[in-house]
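Colleague: Before I rely on any description of this protein, I should like to hear the reasoning behind each label. Please set each value beside its criterion.

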Amino acid sequence: MAKKIFRLLVNTFLSVTKGNFKLALQLAVFTDNALNAAKADAAILALYNFFHPLFVAYQTVYNAWKEQTDISEGGTLSLKQLLKGMADKANIWDTAILNFYGGLKTNASYKGIFANGHKPFLRGSQKDRVEAVKQLGDKLTGIAGLAATKTDVDNYYALLNAAFNTHGGQKSTKSINSKAVETQRLEVCYGLQYVLGGLMQKYYKDLKQAGSFFDISKIQRGEQNKWVKKLLKPMTLLNIFERTLDPTDKVRIKNNKLGPLQFFCAKNAGDAVGAVFVTVNAGEEVIRPIQDFGDFANNHFFNVYNPTDFEGSYEVELL
């Protein structure tokens with residue numbers, strides 16, 4: 001039988017912030033401010049001088065990661081929006097080309113351009129769909145009567161290609177930055193433990209004074225920041241979490257099922273959808289500021305409603 005680890009030998013800061021970069025930052029901000037306010041004491045000054053550089057390093061990499069997350073989502077939405085508009089564009093191009101060839105779908109030249117119909121534009125990977133637009137533009141090269149259509153196709157390809165390249169690069173950067181944040185989370189948590197040790201020595205006869213340098217309430221709650229629901233029944237309302245949030249908070253939502261889901265802030269866990277809510281469509285992943293979901297300052301319950309006849313499934317994460 002394995003022996004249990006003596007709880008005083010466990011770094012609580014590491015455990016409660018695992019998978020929660022935001023909570024690690026909140027704990028670090030609280031302790032850094034508390035140390036700074038008391039650094040007239042030489043013993044506290046020594047702890048502040050040790051901890052503050054760790055705090056600054058973590059805050060810097062966290063802010064960079066969060067900013068990159070926001071930018072990446074913007075790139076994702078831009079690409080998604082362009083791909084979503086592909087069906088309408090394909091119809092416009094098809095109509096122009098068909099009219100040029102006399103309205104006959106049996107025309108060999110027309111059939112050569114749309115050998116597989118609209119399928120290449122609507123199915124396959126994002127890269128394949130972008131490439132299909134380029135190939136269409138290439139096929140229209142030198143056809144004087146379709147010059148305007150070729151220009152439209154080429155312009156749309158340029159937008160798609162730029163969005164695709166931006167999205168790919170941002171995803172890579174985001175991944176790298178996530179690893180950097182985790183590395184610095186470990187360092188700042190080790191720093192918090194170091195500070196705790198120093199304060200316990202200083203206040204060994206009155207440990208409550210040491211506690212005033214830490215956000216005890218958040219440590220005790222070990223605030224969860226990610227929720228996954230694999231099955232949300234049709235026409236069902238559910239409270240996901242209750243939390244007091246900051247204006248800078250953002251919510252990442254991924255809809256894993258077939259129908260749209262509605263997310264909103266409410267005064268009570270059982271409140272129905274009001275005038276303000278965010279709809280996340282099937283297969284969609286979004287990052288939205290908390291303000292988009294309603295009056296978050298006064299309504300602390302974050303709810304979801306499945307308005308469809310389909311089963312729902314989602315992932316929600318506070319950033």
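The exchange below goes from the whole chain to single residues.

Colleague: What kind of model is this, and how many helices and strands does the protein chain have?

Modeller: The model is predicted. Its protein chain has 10 helices and 8 strands.

Colleague: How does the radius of gyration of the protein chain stand against that of a compact globule?

Modeller: A compact globule of 319 residues would have a radius of gyration near 20 Å, whereas the protein chain has 27 Å. Along the principal axes, the C-alpha atoms fill a box of roughly 95 × 45 × 40 Å.

Colleague: What share of the residues counts as buried, and what area does the chain expose?

Modeller: Of the 319 residues, 40% count as buried, the cut-off being under 20% relative accessible area. The chain exposes about 17,200 Å², and carbon and sulfur atoms supply 55% of that area. As for contacts between residues at least 6 apart in sequence, 76% join residues at least 24 apart.

Colleague: What makes the span of helix H2 close to the expected one?

Modeller: Helix H2 covers residues 21–37, which is 17 residues. The expected span is 1.5 Å times one less than the number of residues. That gives 24 Å for H2, and the helix reaches 24 Å from its first C-alpha to its last.

Colleague: Which residues of H2 are buried?

Modeller: The buried residues of H2 include Phe-21, Leu-25, Ala-28, Thr-31 and Leu-35. Lys-22 and Asp-32 are also among them. In an α-helix there are 3.6 residues a turn, so residues three or four places apart point the same way.

Colleague: Why is His-118 called buried or exposed?

Modeller: His-118 has 19% relative accessibility, and because buried means under 20%, the residue counts as buried. His-118 lies in the loop between helix H5 (108–113) and helix H6 (119–122).

Colleague: How do you know that the side chains of His-118 and Asp-94 make a polar contact?

Modeller: The contact joining these two side chains is 2.6 Å, and the criterion asks for a pair of N or O atoms within 3.5 Å. The C-alpha atoms of His-118 and Asp-94 are separated by 8.6 Å, and the two residues are 24 apart along the chain. Leaving aside neighbours within four places in sequence, His-118 is in contact with Ala-90, Asn-91 and Asp-94.

Colleague: What makes Asp-206 partly exposed, and what does its side chain contact?

Modeller: Asp-206 has a relative accessible area of 34%; partly exposed is the class between 20% and 50%, so the label applies. Its side chain makes a polar contact of 3.0 Å with the side chain of Gln-209, a value within the 3.5 Å limit. Asp-206 is placed in the loop between helix H8 (147–202) and helix H9 (207–211).

Colleague: Why is Gln-262 buried, and what does it contact?

Modeller: Gln-262 is at 15% relative accessibility, which is under 20%, and therefore counts as buried. Its place is in strand E4, residues 261–266. Beyond neighbours within four places in sequence, its contacts include Val-273, Phe-277, Asn-303, Tyr-305 and Pro-307.

Colleague: How many disulfides does the structure hold, and why do Cys-189 and Cys-265 count as buried?

Modeller: The structure holds 0 disulfides; the criterion would be a pair of cysteine sulfur atoms within 2.5 Å. Cys-189 counts as buried because its relative accessibility is 0%. Cys-265 also counts as buried, because its value is 11%.

Colleague: Why is Thr-244 called exposed?

Modeller: Exposed means over 50% relative accessible area, and Thr-244 has 60%, so the label applies. Thr-244 is found in the loop between strand E2 (236–242) and strand E3 (250–255). Its C-alpha atom is separated by 7.7 Å from that of Phe-296, 52 residues apart along the chain.

Colleague: Why are Met-235 and Asn-256 called partly exposed?

Modeller: Met-235 is at 48% relative accessibility and is therefore partly exposed. Met-235 lies in the loop between strand E1 (226–232) and E2, and has a positive phi of about 55° although it is not a glycine. Asn-256, in the loop between E3 and E4, counts as partly exposed because its value is 32%. Not counting residues up to four places away in sequence, Asn-256 touches Ser-313, Tyr-314 and Glu-315.

Methods: Residues are numbered from 1 along each chain as its sequence is written. This is a predicted model: local features need pLDDT of at least 70, side-chain atom pairs count only at pLDDT 80 or more; totals for chains, interfaces and linings use all residues. Side-chain values use heavy atoms; hydrogens and water are left out. Helices (H or I, at least four residues) and strands (E, at least two) are DSSP runs, numbered from the N terminus. Buried means under 20% relative accessible area, exposed over 50%, partly exposed in between (1.4 Å probe, protein chains only). Contact means heavy atoms within 4.5 Å. A polar contact is a pair of N or O atoms within 3.5 Å; within protein, one must be able to donate a hydrogen and the other to accept it, and residues adjacent in sequence count only if both atoms are side-chain atoms. The radius of gyration is taken over C-alpha atoms; the globule rule is 2.2 Å times the number of residues to the power 0.38. Accessible areas come from the Shrake-Rupley method with a 1.4 Å probe; for residues, only the protein chains shown count as cover.
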